[in-house]
Amino acid sequence: MSALQLQTLCSTFAVFRADEVRDHGFKLASGLAVLDDALAGGVALGTLVEWGVPLGRGGRHIILKYLAAANRGLALKADYPILWAYPDSALGLNPPAWQALGINLRHIAFARTNTPMHDLKAALLDPYYRLVVFDMPLGLSRDDYAFLARQARTLQKIIFILHNQLLTDARGNAFAKLRFNCTRSQFDPAKIIVTPVRGLPPQPLVLQLEGML
Amino acid sequence: MRGEASRDQAVPILPYLAIATTEVIGAAAAMTLSPRVMHWSPSVWLIDLRPTRDYWTMQAQRRGIKVAALLQMVWAEALGHGTQTESLVFASCPWQALLLNAHLNERSLSGPLELREPFSQALLRQLSWPVWFAVARDYAAALTQSKSCRFDEQRFHSDLNHLERAVVRLGQQHPAQMVDAKHQAFRRRFGEHIARLWQWTFAGVAEGVHTAATKQAAFAFAEEEVFASGFPWVQAVVTTRPGVVRQLEYPVWSWDQLVADFTTDLDLLADLPALASGAAVLRLEWILHLEDLSDCLVNIRFRHPHSLRAERGEQKTVLIQACHSFEAVYLQRSKDASWIAPAPLIGWSLVAASCLARPSTAISLFGEVGAAGEDMAAAMRIDNRLQIALERYQVTSDWVAEGAFTKAGAGAKDSDVAGAATEPAAKPWAALAARRPLYIYAEPRVLGGHETPTKAAFIERTGEVWWQKPEGTSLERNYFVIEHRSGQRSWATRGEAGEWWVHGLFA
């Protein structure tokens with residue numbers, strides 16, 4: 001790990017050193033060494049993370065790694081229930097594929113809604129769902145992001161926002177501690193390139209994923 | 001073979017239950033399993049489990065026992081000592097539950113039985129005509145009691161006698177001997193009502209096989225309201241419904257002004273003897289009394305039985321649901337009458353309209369024990385507070401993507417959720433699932449002519465469910481991973497004309 005990365009990490013997670021964090025289990029690791037090392041062990045509880053993951057480009061494999069890790073209690077030291085909100089459109093879920101990718105269907109509830117902030121407010125106000133994913137949410141406002149960041153912080157949740165397009169610096173989000181873009185490598189389809197937009201230095205991280213289509 | 005057995009384990013309990021008891025019991029005790037009950041005859045209760053089916057499924061899954069066994073246990077505790085349950089029969093429609101129940105009593109057998117089991121179906125096929133006629137006469141009595149305006153009792157009995165004579169003339173002992181007879185033929189000869197009873201008798205049960213078509217017919221009944229289906233359902237009523245009345249000292253217009261008084265009333269309601277004994281609420285009726293002397297009904301519903309006593313002093317779950325219902329009804333009414341000032345509230349009545357009676361002896365059974373119990377209680381609490389129902393899934397062993405999963409209740413055990421997928425016969429389907437997309441379309445979408453994929457790679461050949469499709473349907477589907485110009489990868493099949501049909505999108 002470079003000195004710059006270490007400095008960035010220390011400023012982001014000032015309370016614990018990386019090894020302390022791992023030992024105390026305050027972070028959720030994906031199991032992908034490159035990404036976890038860059039994040040000094042994983043995504044800290046209480047964090048709002050924005051991902052630019054266009055559907056069909058392989059980016060959700062990384063998100064599912066986090067979900068599978070949460071199911072296994074990896075780093076968090078307990079299995080936590082997950083809430084996944086997705087838009088009410090012609091697209092439906094294919095749960096066997098989720099299970100095949102390591103998701104324990106017992107610990108994940110899905111919400112099909114176009115107004116997640118309204119429909120799921122009670123779940124966001126309750127500590128039960130520790131990992132909440134908003135997949136392709138429509139029209140989240142600045143106030144919504146502020147609310148999500150506050151709920152993540154106060155209830156020690158991890159909230160992922162998955163956008164169906166790549167994130168840009170032009171439209172920033174001060175409430176998200178971490179922002180990433182994920183795309184499939186043009187040269188090796190088995191590799192995903194994660195480019196930090198906020199929270200880490202902008203050097204792309206190349207992740208090798210097995211079994212990805 | 002498709003995984004029918006695994007799928008049957010995954011589907012919830014059948015929605016209608018007929019229970020025969022040795023002694024007469026009251027409606028309040030009968031509402032132990034569901035608030036929707038009907039007193040069919042002095043010794044038989046019909047119970048519509050649909051309002052509480054998810055709840056019982058979750059409870060049974062957590063304890064690792066069958067739902068039917070759990071319900072039998074709870075029912076026995078509700079009745080207490082001295083009263084014996086003769087039989088419990090679960091079926092897709094009330095008529096089948098009643099028939100099988102009468103048959104069990106005739107043969108001095110006891111349940112619980114589920115009509116989806118081969119043994120129960122075999123018993124139904126052994127049903128005798130005299131039992132069928134006896135239950136049909138009870139049906140006529142129930143229709144008369146329900147004051148159905150289109151029912152001519154005299155005509156019904158005449159038609160029934162006509163059928164009895166026909167059965168004797170044909171030398172038939174069991175209705176199953178005439179299973180191929182169409183209900184249209186019954187309608188022509190014996191009238192509308194007998195034809196309907198005949199149609200219900202073997203719905204979902206044909207030659208011991210749950211064929212797709214008859215299964216669909218049986219479950220279609222369950223999805224409809226029994227009133228719409230023509231079944232004479234007469235809801236049993238308890239003599240007194242617990243409730244509180246509030247007269248406000250000053251008129252109020254908004255939610256914020258009434259929250260404190262409303263919370264106090266909910267606590268008062270929780271302390272009433274009817275609810276203090278452990279009853280859980282499924283629906284509250286909040287009748288708002290307005291200054292213009294009109295009333296406005298606000299229904300507050302819960303997805304799972306909710307205990308008011310558990311949230312005493314706070315009542316967060318009710319307040320969340322009540323706030324939404326209040327906004328939907330009262331504020332909408334105010335908007336509709338926008339040309340005049342909205343009438344303020346001067347009081348209200350709060351009534352527990354639908355309750356699940358829980359006997360004190362069963363409280364220990366329902367006590368939340370350990371982390372798993374706390375998790376389930378938390379999941380149910382959030383379900384009750386949300387505006388939309390959360391979806392939970394379990395996998396079944398089926399090769400067709402759209403049939404390889406079913407919805408599950410909250411709190412399902414690992415073995416239930418993954419059970420079908422971990423059994424040896426299901427391993428090929430699990431391997432298939434790993435190469436399929438996260439999101440699929442209910443109906444594949446044709447790719448426009450200008451959207452030719454840049455890459456296509458074959459990944460699987462899947463047999464079509466041809467017996468459920470119109471004639472001429474292709475027997476198999478060849479699936480490809482296709483890549484669009486944008487780099488997006490889809491799961492697609494090719495049509496006969498070479499066109500691409502996108503069925504799903506990869507992660």
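Reader: Which residue in strand 12 of chain B stands opposite A:G92?

Author: This is a predicted model, in which local features need pLDDT of at least 70, side-chain atom pairs count only at pLDDT 80 or more, and totals for chains, interfaces and linings use all residues; residues are numbered from 1 along each chain as its sequence is written, while chains are lettered from A and ligands numbered from 1 in the order in which they are written. Side-chain values use heavy atoms, with hydrogens and water left out. Strand 5 of chain A pairs in the antiparallel sense with strand 12 (residues 439-446) of chain B over 3 bridges, where strands (E, at least two residues) and helices (H or I, at least four) are DSSP runs numbered from the N terminus, and two strands pair if DSSP finds at least two bridges between them. In strand 12 of chain B, the residue opposite A:G92 is B:I440.

Reader: Which are the edge strands of the open sheet of 6 strands?

Author: The sheet follows the order 5(A)-12(B)-16(B)-15(B)-14(B)-13(B), with antiparallel pairing. The edge strands pair on one side only, and they are strand 5 (91-93) of chain A and strand 13 (455-463) of chain B.

Reader: In the sheet of 4 strands in chain B, what is the bridge partner of B:R246?

Author: This open sheet has the order 6-9-7-8 and is antiparallel, with strand 6 (243-252) and strand 8 (295-306) of chain B as its edge strands. Strand 6 of chain B is joined by 6 bridges to strand 9 (residues 345-356) of chain B, and in strand 9 the bridge partner of B:R246 is B:W348.

Reader: What angle does helix 13 of chain B make with strand 6 of chain B?

Author: Helix 13 (residues 255-271) of chain B packs on the sheet, touching strand 6, strand 7 (280-290), strand 8 and strand 9 of chain B, where contact means heavy atoms within 4.5 Å. Axes are lines fitted to C-alpha atoms, for helices over the stretch in contact, and angles run from 0 to 180 degrees between N-to-C directions. On that scale, the direction of helix 13 of chain B makes with that of strand 6 of chain B an angle of about 160 degrees.

Reader: How are helix 8 and helix 9 of chain B oriented, roughly parallel or roughly perpendicular?

Author: Helix 8 (residues 153-170) and helix 9 (residues 183-190) of chain B pack with their axes 10 Å apart, at an angle of about 115 degrees. Angles under 35 degrees count as roughly parallel, over 145 as roughly antiparallel, 65 to 115 as roughly perpendicular and the rest as oblique, so helix 8 of chain B is, relative to helix 9 of chain B, roughly perpendicular.
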